[in-house]
Amino acid sequence: MLVVMEAHADAAKIEAVCAEIRAMGYVPHPMPGPTRTAIGITGNRGPVEQATRLQRMPGVAQLIRVTAPYKLVSREFHEGDTLVQVGQVVFGGPAVTVIAGPCTVETREQTLTIAHAVREAGATMLRGGAFKPRTSPYAFHGLGEEGLRILAEAREATGMPVVTEVMDVETLPMVCEYADMLQIGARNMQNYPLLRAVGRSGRPVLLKRGFAATVKDLLLAAEYVLNEGNADVVLCERGIRTFDDTLRFTLDLGAVPMIKQLSHLPVIVDPSHASGRWDQVLPMARAAIAAGADGLIVEVHHNPAFALCDGQQSLVPDRFVAMMEQVARIANAMERPMVL
Ligand code: PEP
Ligand code: MN
């Protein structure tokens, strides 16, 4: 439920309504707007009883029922776009933001080489996995803390903030020591203890859509993070499983404008994992920006044939440069600047 206050309701009236909501056992979320304040209510399991009591309080203009199961992530609760800032990088503003880097941190030389190349081409944030969720227990699972140290060194060398995956609650404090942004991978999108823990960490979060998750599931997963008081969440469409196995996954681009309509959170697209083929990354990156995505996350490797993970979908640096040029042209047509 949303309590919309009158345009001239003063702070005392707003606080009185918040106090009443707390007294009912719910949580008030005052949201000052340009003309009036709205107060969102969470914590209720069904319709808010005693709503008529709120309706009659001084300064209250209107009560609006929020029908979506997610509240804090919804446009109904928060009309304007949320900007998520990571260092100097902003997601959800006018600019298109590109995150790039290797799938996996393999060696210091590999990561630094790729980091410099993507920075040169206009990427503003570095990706790289130190803890890798692999489908097979026999595959390479990343360098762990050594990988995080290498990412921190690459940040020093290039000035780019770093996003890296955190796989469990146990390693979260260690990942927080090094990462600027925490990635929750597709396989962990519904790991609710982890979502709560990254929410409490206060660190910006990149939440990837599970490949069997609906848009509603994704938004409810984000709701867990926001419900811990952390609104710095960027959503990522990375392809879902469908009947078609031509590509690794099916990139659900229709989800992008739909999520932008349902939620105020920024949305980016991962054309690398979605397609699983480097030759599909460029057209899907262009399409993602045309569909209104706020940015991209792309895998790049200078020697894909020898990559320890996902070489088949990694762009070599020259192709990444071409991608950035083409994406910049699409962004330009969408009247969105891209730092190049
Ligand atoms: C990744 O981005 O490194 C990754 C493993 O992606 P996803 O969780 O989307 O499969
Ligand atoms: Mn990968």
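**Group meeting talk: a walk through one protein chain**

Let's start in a loop. His-141 sits between strand β8, residues 125–127, and helix α4, residues 145–158. Keep in mind that this is a predicted model. Is His-141 buried, exposed or partly exposed? His-141 counts as partly exposed, at 33% relative accessibility. Now its contacts. Leave aside the neighbours within four places in sequence. His-141 is then in contact with Ala-130, Phe-131, Lys-132, Arg-134 and Ser-136. Take Ala-130 from that list. Along the chain, Ala-130 and His-141 are 11 residues apart. Their C-alpha atoms are separated by 7.9 Å.

Let's step back to the whole chain. The protein chain has 11 helices and 14 strands. Its radius of gyration is 21 Å, and the globule rule gives 20 Å for 340 residues. Those values are close, so the chain is as compact as a globular protein of that length. Along the principal axes, the C-alpha atoms fill a box of roughly 70 × 45 × 45 Å.

What about the inside? Of the 340 residues, 55% are buried. Next, contacts between residues at least 6 apart in sequence. Of these, 68% join residues at least 24 apart.

And the outside? The chain exposes about 14,800 Å². Carbon and sulfur atoms supply 53% of that area. For charges, we have 32 positive and 36 negative. The mean positions of the two sets are 4 Å apart.

Now the metal. Which residues are the protein donors of the manganese ion, ligand 2? There are these: Cys-103 through SG, His-273 through NE2, Glu-299 through OE and Asp-310 through OD. They lie 2.0 to 2.4 Å from the ion. Along the chain, the donors follow the spacing C-x169-H-x25-E-x10-D. Look at His-273 and Asp-310 as a pair. The pair links distant parts of the chain, 37 residues apart. His-273 is in helix α9, residues 271–275. Asp-310 is in the loop between β14, residues 295–299, and α11, residues 317–333.

How covered are these two? His-273 counts as buried, at 9% relative accessibility. Asp-310 is buried as well, with a relative accessible area of 12%. The cut-off for buried is under 20%, so both values fall below it.

Stay with Asp-310 for a moment. Its phi is positive, about 60°, although Asp-310 is not a glycine. Glu-335 also has a positive phi, near 60°, and is a residue other than glycine. Where is Glu-335 found? Glu-335 is in the segment after α11. Glu-335 is exposed, with a relative accessible area of 72%.

Next, two buried residues. The first is Leu-194, in helix α6, residues 192–201. Its relative accessible area is 0%, and Leu-194 is buried. What does Leu-194 touch, not counting residues up to four places away in sequence? The list is Val-166, Met-167, Asp-168, Val-169, Ile-184 and Asn-188. Pick out Val-169. Leu-194 and Val-169 are 25 residues apart in sequence. In space, C-alpha to C-alpha, the pair is 5.5 Å apart.

The second is Gln-183, in strand β10, residues 181–184. Gln-183 counts as buried, at 5% relative accessibility. Again, skip residues up to four places away in sequence. Gln-183 then touches Val-163, Thr-164, Glu-165, Val-166, Leu-206, Lys-208 and Ile-297. Val-166 turns up in the contacts of Gln-183 and in those of Leu-194. Note Ile-297 too, among the contacts of Gln-183. Strand β14 covers residues 295–299.

Last stop, Thr-214. Thr-214 lies in the loop between β11, residues 205–208, and α7, residues 215–226. Thr-214 is partly exposed, with a relative accessible area of 42%. How far apart are Thr-214 and Leu-143? In sequence, 71 residues; in space, 32 Å from C-alpha to C-alpha.

To recap. The chain is as compact as a globular protein of its length. The manganese ion has Cys-103, His-273, Glu-299 and Asp-310 as its protein donors. Leu-194 is buried, while Glu-335 is exposed. That's the tour.

Key: Residues are numbered from 1 along each chain as its sequence is written. Chains are lettered from A and ligands numbered from 1 in the order in which they are written. This is a predicted model: local features need pLDDT of at least 70, side-chain atom pairs count only at pLDDT 80 or more; totals for chains, interfaces and linings use all residues. Side-chain values use heavy atoms; hydrogens and water are left out. Helices (H or I, at least four residues) and strands (E, at least two) are DSSP runs, numbered from the N terminus. The radius of gyration is taken over C-alpha atoms; the globule rule is 2.2 Å times the number of residues to the power 0.38. Buried means under 20% relative accessible area, exposed over 50%, partly exposed in between (1.4 Å probe, protein chains only). Contact means heavy atoms within 4.5 Å. Accessible areas come from the Shrake-Rupley method with a 1.4 Å probe; for residues, only the protein chains shown count as cover. Lys and Arg count as positive and Asp and Glu as negative; His and the chain ends are not counted. The place of a charge is taken as NZ of Lys, CZ of Arg, CG of Asp or CD of Glu. Donors are N, O and S atoms within 2.8 Å of the metal (3.2 Å for Na, K and Ca); water is not among the atoms, so sites may look incomplete.
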